[in-house]
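Q: I would like to learn how to read the features of a protein model step by step. Could you take me through one, giving the general idea before each case?

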Amino acid sequence: MSEASSEAMSGLDSEPNSASPLRVRIAPSGFEFAAEPTQSILEAALRAGIRLPSSCRNGTCRACLCRLASGSIRYRIEWPGLSPDEKDEGYLLPCVACAQSDLEIVAPGARRQD
């Protein structure tokens, strides 16, 4: 993972860098949606009609665990339920992560809402 991506995942990072919506692409499904820098990736996906696995929505249950393929994020909470190794390997919790750039995430469990 690049140094910039690693830094962007380190916790409560800098304030959102843009007021315009960012693009989030989900692999392998190819789903795409817009996300505001102030809303969680999970919230943005749900608003776009895309369901990601989730349960607690506060970063503790890890049901939404997926991997960041490209882009940068920041967390709404100081330390989400990830180990340092998981963070270094690019894992994220979309229920408490906010996009700070266009993103691609790997979330095999993503589905269109019925």
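Q: Let me begin with strand pairing: which residue stands opposite L68 in β8?

A: Please keep in mind throughout that this is a predicted model. In it, L68 stands opposite I105 of β8, and R67 stands opposite V106 of the same strand β8. These pairs belong to the contact between β4 and β8 (residues 103–106), two strands that run antiparallel and are joined by three bridges.

Q: With which other strand does β8 pair over four bridges, and in which sense, parallel or antiparallel?

A: Strand β1 (residues 22–27) pairs with β8 in the parallel sense over four bridges, and there V24 has L103 as its bridge partner in β8. The sheet to which these strands belong is open and has five strands in the order β2-β1-β8-β4-β6, with mixed pairing. Its edges are β2 (32–35) and β6 (91–92), each of which pairs on one side only.

Q: How many helices and strands does the chain have, and in what order do the elements run from the N terminus?

A: There are three helices and nine strands in the chain, and from the N terminus on they follow the order α-β-β-α-β-β-β-α-β-β-β-β. As for contacts along this chain, of those between residues at least 6 apart in sequence, 67% join residues at least 24 apart.

Q: How should I read the side chains along a strand, and which residues of β8 point to one face and which to the other?

A: The general idea is that in a regular strand the side chains alternate between the two faces of the sheet. In β8 this alternation goes together with burial: L103 and I105 point to one face and are buried, whereas E104 and V106 point to the other and are not buried.

Q: What is the general idea behind a nonpolar core, and which residues have the most contacts inside the largest one here?

A: In soluble globular proteins, nonpolar side chains tend to be buried together. Here the largest nonpolar core has 28 residues, and those with the most contacts inside it are I26, F33, I41, I73, L92 and I105. The elements that give two or more residues to this core are β1, β2, α2 (41–47), β4, β5 (73–75), β7 (97–99) and β8, and α2 gives the most, with four residues. To look at one core residue more closely, F33 touches L22, R23, V24, I26, I41, A44, A45, A48 and I50, if residues up to four places away in sequence are not counted.

Q: How much of the chain is buried, and how much area does the chain expose?

A: Of the 114 residues in the chain, buried residues make up 41%. The chain exposes about 5,900 Å², and carbon and sulfur atoms supply 46% of that area.

Q: How do I read salt bridges, and how many are counted here?

A: In general, side chains of opposite charge can pair when their charged atoms come close. The count in this model comes to five salt bridges. In one of them the side chains of R62 and E86 meet at 2.6 Å, N to O. This pair links distant parts of the chain, since R62 lies in the loop between β3 (50–51) and β4 (66–70) while E86 lies in helix α3 (residues 84–88), 24 residues apart. R62 counts as partly exposed at 32% relative accessibility, whereas E86, at 16%, counts as buried.

Q: Which residues are joined into one network by salt bridges that share partners?

A: The network joins R23, R25, E32 and E104. Within it, E32 forms a salt bridge with R23, their closest N and O atoms being 3.7 Å apart, and another with R25, where the closest N and O atoms are 4.0 Å apart. E32 is partly exposed, with a relative accessible area of 43%; R23 is partly exposed at 39%, and R25 is partly exposed at 33%.

Q: How many disulfides does the structure hold, and why is C56 not bonded to C61?

A: A disulfide is a covalent bond between the sulfur atoms of two cysteines. The structure holds zero disulfides. The closest cysteine sulfur to that of C56 is in C61, at 3.5 Å, and this is too far for a bond, because the cut-off is 2.5 Å. C64 is in no disulfide either, the nearest cysteine sulfur being that of C95, 3.7 Å away. C56 counts as partly exposed at 26% relative accessibility, while C64 is buried, with a relative accessible area of 6%.

Conventions: Residues numbered from 1 in each chain as written. Predicted model: local features only at pLDDT ≥ 70, side-chain atom pairs only at ≥ 80, totals over all residues. Heavy atoms only, no water. Buried < 20%, exposed > 50% of the residue type's maximum accessible area, 1.4 Å probe, protein only. Pairing = 2+ DSSP bridges. Contact = heavy atoms within 4.5 Å. Areas by Shrake-Rupley, 256 points an atom, 1.4 Å probe, with all protein chains shown as cover. Core = buried A, V, L, I, M, F, W, Y, C linked by side-chain atoms within 4.5 Å.
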